[in-house]
Amino acid sequence: MEPVEINAGRYYLRQLRADDRIDDRPSILEAFTDPISLRWISHRITDLAGAGDYVAMRARQWADDERCSWAVADQNTGELLGEVGLKDLNLDAGFAAAACWAAPRHRNRGVVSDGLAAALRFGAGALGLTRVEYLFQDGNESSRRVAEKCGFAYDRTVDQCGAKVHVWTRSLV
Ligand SMILES: CC(C)(COP(=O)(O)OP(=O)(O)OC[C@H]1O[C@@H](n2cnc3c(N)ncnc32)[C@H](O)[C@@H]1OP(=O)(O)O)[C@@H](O)C(=O)NCCC(=O)NCCS
């Protein structure tokens, strides 16, 4: 798939970028070294080169139909405020899992819930997804709230490497 841009009202969704016009790497590095992200996200990025690898990985995943991922960006400046994605894509089964984080300075302003809602509309309308899962660890209350705001409902709780993980699902049909 080619990366797609989406208008999300107050924000717009675009591919992650590291080029001469827009460089998301410093914001990615800042987000992944923040203590709250370190608590809830297992992926580690410790320097700008790692952030560059991350941008390249997301581009590859678009090309391989593996994951659609978007920077949730400011409409005026293009600044990356967070990231939303549809991962574990199975287009035949109409399935994906949601993924998200927000830059520390931009949390609790609807960046992720507005961004994810737009990604879900794209998933249903353009990709034909019928079911999406949203997983979060026990205690991650802001993530639980995002799931709620985006229309997911509790399905089950599983153990992942000793951590209690709640699985919420949403039907898109
Ligand atoms: C979870 C996260 C992605 C949310 O992004 P965000 O852009 O701040 O989300 P939104 O602003 O759309 O919504 C956050 C909601 O959580 C609420 N919230 C924040 N802290 C909360 C808490 N301790 N208890 C309950 N609700 C809380 C906010 O008030 C807001 O709800 P509201 O709009 O009803 O007021 C962000 O906090 C983050 O990046 N966390 C670290 C990484 C992470 O946990 N990623 C998700 C892994 S599953």
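User: Before we start, what does contact mean here?

Analyst: Happy to begin there! This is a predicted model, and two residues are in contact when they have heavy atoms within 4.5 Å. With that cut-off, the buried residues of helix α5 pack against three elements. Those elements are α4 (111–125), β6 (131–137) and β8 (163–171).

User: Which residues of helix α5 are buried, and why do they lie on the same side?

Analyst: Helix α5 covers residues 141–149. A residue counts as buried when its relative accessible area is under 20%. The buried residues cover an arc of only 100 degrees around the axis, so they sit on the same side of α5. Their names are Ser143, Val146 and Ala147.

User: What follows α5, and what is the sign of its phi?

Analyst: Look just past the end of the helix. The residue there has a phi near 85 degrees, so to speak on the plus side of zero: it is positive. That residue is Gly151.

User: Which residues come nearest to the ligand?

Analyst: There are 22 residues around the ligand. Five of them are named as coming nearest. They are Ala102, Asn108, Ser113, Arg145 and Lys149.

User: How far is a polar side-chain atom of Ser113 from an oxygen atom of the ligand?

Analyst: It helps to put three side chains next to each other. For Arg107, a polar side-chain atom lies 3.3 Å from a ligand oxygen, and for Arg145 an N or O atom of the side chain is 2.8 Å from one. For Ser113, the distance from a polar side-chain atom to an oxygen of the ligand is 2.4 Å.

User: How much of the ligand's accessible area does the protein cover?

Analyst: Start with the ligand on its own, which has 960 Å² of accessible area. The share of this area covered by the protein is 74%.

User: How many helices and strands are in the protein chain?

Analyst: You can follow them along the sequence, where the pattern reads β-β-α-α-α-β-β-β-α-β-α-β-β. Counting each kind of element gives five helices and eight strands.

User: Why does the radius of gyration of the protein chain agree with a compact globule?

Analyst: The C-alpha trace spans about 45 × 35 × 30 Å along its principal axes. Because a compact globule with 173 residues would have a radius of gyration near 16 Å, the chain's own value agrees with it. That value is 15 Å.

User: What percentage of the residues of the protein chain count as buried?

Analyst: The chain has 173 residues. Its accessible surface comes to about 8,800 Å². The part of the residues that count as buried is 47%.

Terms used
Residues numbered from 1 in each chain as written. Predicted model: local features only at pLDDT ≥ 70, side-chain atom pairs only at ≥ 80, totals over all residues. Heavy atoms only, no water. Buried < 20%, exposed > 50% of the residue type's maximum accessible area, 1.4 Å probe, protein only. Helix = DSSP H or I, 4+ residues; strand = E, 2+ residues; numbered from the N terminus. Arc of directions from axis to C-beta. Near = heavy atom within 4 Å. Polar contact = N/O pair within 3.5 Å; in protein donor to acceptor, adjacent residues only side chain to side chain. Areas by Shrake-Rupley, 256 points an atom, 1.4 Å probe, with all protein chains shown as cover. Rg over C-alpha atoms; globule rule 2.2 N^0.38 Å.
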